[in-house]
Amino acid sequence: MHCHLIYKWHKGVWRGFAAPKGLPKETATQYETAIKKVWDSAEFKEFMNRRGFDMIYLDSAGFAAFMNADNEDNGKALKSLGLAK
């Protein structure tokens with residue numbers, strides 16, 4: 001007997017930077033500018049590519065939306081497995 005299961009869910013790892021709630025906008029902008037400068041550098045892209053990492057840049061608003069969606073997806077998965085209420 002063969003049993004084939006098809007899952008329509010996958011998970012990977014991601015990397016990002018976060019700061020405490022209430023960080024002054026000026027400070028957040030300085031960090032975002034510095035991070036984008038690193039992101040745009042050939043050295044960073046080469047480092048990530050040599051290790052086989054896919055790369056997607058998100059600004060602070062985009063990353064916040066991504067994190068919220070990822071958190072919601074994780075909650076759904078854990079609930080469906082009976083690991084969360």
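How much area does the protein expose, and what share of it do carbon and sulfur atoms supply? About 8,000 Å² is exposed, with 60% coming from carbon and sulfur atoms (Shrake-Rupley method, 1.4 Å probe).

This is a predicted model, in which local features need pLDDT of at least 70 and side-chain atom pairs count only at pLDDT 80 or more, while totals for chains, interfaces and linings use all residues. Residues are numbered from 1 along each chain as its sequence is written, and side-chain values use heavy atoms, leaving out hydrogens and water.

**View 1. The whole protein reads α-α-α along the sequence.** You'll find 3 helices and 0 strands here (DSSP runs numbered from the N terminus: H or I of at least four residues for helices, E of at least two for strands). Of the 85 residues, 6% are buried (under 20% relative accessible area with a 1.4 Å probe, protein chains only; exposed is over 50%, partly exposed in between).

**View 2. Helix 3 takes in residues 60-80.** Its 21 residues reach 30 Å from first C-alpha to last, close to the expected 30 Å (1.5 Å times one less than the number of residues).

**View 3. Here's the buried side of helix 3, with Phe63, Asp70 and Ala77.** These three sit on the same side of the helix because they cover an arc of only 50 degrees around the axis (taken from the directions from the helix axis to the C-beta atoms). Turned away from that side is a face carrying the exposed residues Ala61, Asn68, Asn71 and Lys76.

**View 4. Gly82 comes just after helix 3.** Look for its positive phi, about 75 degrees.
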